[in-house]
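Dear colleague,

I am handing over the structure below, and my notes on its core and salt bridges follow it.

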Amino acid sequence: MTAPELTQRQISREVDDLHELAAKERAAGTSAPHHPSRAFAPYRGSELRHPRQPLVPVASDPEAVESSGPVFGPSDVTELDSDLTLQHRGEPLGERVTVSGRLLDRAGRPVRGQLIELWQANAAGRYAHLRDQHRAPLDPNFTGAGRCLTDDEGGYAFTTVKPGAYPWGNHSNAWRPAHLHFSVFGTAFTQRLVTQMYFPGDPLSAYDPIWNSITDAAARERLVAAYDPGLSQPDWSLGYAWDIVLDGPAATWAEEGRQ
């Protein structure tokens, strides 16, 4: 006999309990995490697959991994890489958006020349990936991946389409809110940070265990972009502003610990 599937009400109750516990720990000064816990129970997939034993250091030259990893520079990343709507012969379906911001250190200084990657589902909520068998259409004109290098002011910009929500099987009738995946590589390939950006006013965010695995409300809101009409392009795209802060009290929370 299989266990009954968890409902959204049960998941939300677990989330509320963990947020309340975390608030008490912060008030007592006993909790200062840098990233969401991999053992956040309402996020069932993470709880089941995260490592439970200490990581084993590799007994070899730590620089060796750098020599076998990719290297990027201005000649490797083109403008086409950052505009996901121009990568195919036709135009992708969906609401076109421009996401722009700055990569900053803890003191608010720009971090220049850093590789930022983006990947996402299409407007119907489906990834161009063999593992994604969601019953939503693929878009032949949308791959859902882009990259750029930050400029001298730490700036980055992507033009893409707003991704759709999709079911993800965490619990009964679970749907992920619209989101963009971002990664920042830092000064070395081994310093990669991975995070997600969300859109303002999405009603699904409050029900999402991944977003809620960040138990501090202010830190959660730092993952939500702000609509900015100044970034919108007439007759072309809606503009959203979203800065990425690498460290410090205003840091953008990442899925992995800081290096």
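The largest nonpolar core (a set of buried Ala, Val, Leu, Ile, Met, Phe, Trp, Tyr and Cys residues joined through side-chain atoms within 4.5 Å) has 34 residues, and those with the most contacts inside it are Y156 and F182. Two or more residues come to this core from each of several elements, including helix 1 (8–27), strand 4 (155–161) and strand 7 (179–184); helices (H or I, at least four residues) and strands (E, at least two) are DSSP runs, numbered from the N terminus.

Please bear in mind that this is a predicted model, in which local features need pLDDT of at least 70 and side-chain atom pairs count only at pLDDT 80 or more, while totals for chains, interfaces and linings use all residues. Residues are numbered from 1 along each chain as its sequence is written, and side-chain values use heavy atoms, with hydrogens and water left out.

There are 10 salt bridges, each being a side-chain nitrogen of Lys or Arg within 4 Å of a carboxyl oxygen of Asp or Glu. One of them joins E20 and K24 (3.7 Å, N to O), which lie four residues apart in helix 1 and are therefore separated by about one helical turn. Another, between R102 and E153 (4.0 Å, N to O), links distant parts of the chain, with R102 in strand 1 and E153 in the loop between strand 3 (145–149) and strand 4, 51 residues apart.

D105 and R109 also form a salt bridge (2.8 Å, N to O); here D105 is buried at 18% relative accessible area, whereas R109 is exposed at 53% (buried means under 20%, exposed over 50%, partly exposed in between, with a 1.4 Å probe and protein chains only).

Best wishes
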